[in-house]
Each structure stands twice: as structure tokens, then as C-alpha cells.
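This report describes one protein model for a reader who has not seen it before. Please look at the sequence and the structure first.

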Amino acid sequence: LEVVLATHNQHKVGEFQKILGERMPGLTVLGYDGPEPVEDGTSFDENAFIKARAAAAHTGRIALADDSGIVVDVMGASPGIFSARWAGPEAGAQANLELLLAQLGDIRDPHRTSRFHCTIALVVPAADGTLHEFAAEGDWPGRIAATQAGVHGFGYDPIFVPEGFEVSAAELAPEVKNAHSHRARAFAALVPELTRIAAA
Ligand code: ITT
């Protein structure tokens, strides 16, 4: 089965390749460099489908898109769908995580609980022009550290300490992150559907 992965984030591509390779060796993931739609949805789910539908329409192929982010409990649903641009559209990952640390200030445990969320949207175009759509979700609970640590991963990994660990996600070996992460959990929820499509 061949699917287009509708992301321009190379870190996501790398993690997907590792996660998929282990869990669904029969799946080939194709890159996508087509037009990027405006992500103006109000939820992870809406934004994931905006990206997957655009890639399916552009390529005519089965498309997957990942919309993900970090949610801090004392901040309600934030940064949430705004995670990639929390400190501004061009600010970048380091500025984003520094702003989040500053916003939490000296709030202490147990009030620094957080989670990563990932929604993967799957869009399958049919010959008659209709679309088959499916969404899979995964969460990775943890807390926000007081300072950043680690060099692996991307985004907020240096300040996220996953439940069950005493180190940040950026201090975990990539295979450990990819065995536990929100992205791995969402993908696990997607495998039965992809398997069904591959067999059809
Ligand atoms: P695409 O839309 O092209 O896929 P993007 O990076 O803009 O790329 P999102 O809108 O889904 O994608 O934003 C995801 C952001 O959430 C990402 O840039 C990080 O800041 C954060 N994030 C998501 N997964 C993460 C992970 O595994 N580790 C650290 N940060 C993560």
C-alpha cells in the first residue's frame, strides 16, 4: 500500500518512517511537496483533515496527515493547535518552548501536567470522486520540566517529561520516543484501518 504523508515537517516524516517500518512493513510512505492549505480549523481533527484532503486532491492518492501539539492543563487547551507558532509565525521551536516555560513561571508540580496530542487523518479517494475518511488519535501524558534538556526529537521535546520517565522526551533515544509517543499511539490506532484498505 502506498500513501502520501501530507506534511512539510521533516521531523514528522522521520518519526513516521521509523514507526511505520516496525508496525506496518508493507506500507510505503511517499513524501509530499504540493501546496500547503491554510490550516484554519479549530481542532486537531479539522486541521488534520484540511491537510489530508488537500494532499489527496492534489495527488489522487491515499493521503495521511498529522496534526499535533502540546496541551498544558493549567493553560486550558493551549498551546494546542497553535503549538507550531506559539511565539509567532516565524519564531521557531526554541522561542516557542522558551515562551511556554516563561508562561508557566514558577508554577510547580503537580500543576505542570501536560500532554502531547496527535490526530492522524486518513483520506482515501475513490474512483467515483467520493472520499473515505478515518481519524486516529493518540495522547502522551507527562509534565513540563523547569528547564530544557536533551538533543533528540524536535519541538517541545526538551521540556516535556513523559509519564513514567524522569528525563525529557529529547533525552530519550528516538526508538524509545517512537515506542511511546502520541504519534506512535495514533498510528497504532490507524493500523487496523490501513490493513483493511490494503486487503481490499
Ligand atoms: P505540518 O502542518 O506540515 O505537518 P507543522 O509542524 O506545522 O507541520 P502542526 O501544525 O501539526 O505541524 O504542529 C505541530 C507542532 O506541535 C510542532 O511544530 C511542534 O511544535 C509540536 N509537536 C508535535 N509533535 C511533537 C513531538 O513529537 N515532539 C515535540 N513537539 C511536537
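Leaving out neighbours within four places in sequence, D67 is in contact with F44, N47, A48, K51 and T119; two residues are in contact if their C-beta atoms, placed from the backbone, lie within 7 Å. This is a predicted model, in which local features need pLDDT of at least 70, side-chain atom pairs count only at pLDDT 80 or more, and totals for chains, interfaces and linings use all residues. Residues are numbered from 1 along each chain as its sequence is written.

D67 belongs to strand β3, residues 63-72. Helices (H or I, at least four residues) and strands (E, at least two) are DSSP runs, numbered from the N terminus. D67 counts as buried because it has 26 C-beta neighbours inside 10 Å. The cut-offs are 20 or more other C-beta atoms within 10 Å of a residue's own for buried, 12 or fewer for exposed, and partly exposed in between, with C-beta atoms placed from the backbone. An unreviewed UniProt entry lists D67 under "binding site" and also places the feature "active site" at D67. UniProt positions are given in the numbering used here, feature names are shortened, and annotations may be inferred rather than shown by experiment.

Which residues are closest to the ligand? They are T7, N9, S83, A84 and G155, out of 22 that surround the ligand; a residue is near a molecule if its C-beta atom, placed from the backbone, lies within 6 Å of it. Strand β3 gives the largest share of this shell, five residues. Both β3 and α3 (93-104) supply at least two residues each. By type, the shell holds six nonpolar, ten polar and six charged residues. Here Ala, Val, Leu, Ile, Met, Phe, Trp, Tyr, Cys and Pro count as nonpolar, Asp, Glu, Lys and Arg as charged, and the others, Gly among them, as polar.

Two peptide bonds that lead into a proline are cis, as the table shows.

| Cis peptide bond | Omega | Place of the proline |
|---|---|---|
| S78 to P79 | near -10 degrees | P79: loop between β3 and α3 |
| D109 to P110 | about 5 degrees | P110: loop between α3 and β4 (113-125) |

The protein as a whole has five helices and six strands, in the order β-α-β-α-β-α-β-β-β-α-α along the sequence. Its radius of gyration is 17 Å, close to the 16 Å that the globule rule gives for 200 residues, so the protein is as compact as a globular protein of that length. That radius is taken over C-alpha atoms, and the rule is 2.2 Å times the number of residues to the power 0.38. Along the principal axes, the C-alpha atoms fill a box of roughly 55 × 30 × 25 Å. Buried residues make up 38% of the 200 residues.

The average pLDDT is 96, and 100% of the residues score at least 70; pLDDT is the predictor's confidence in each residue, from 0 to 100. The model scores ipTM 0.98 and pTM 0.96.
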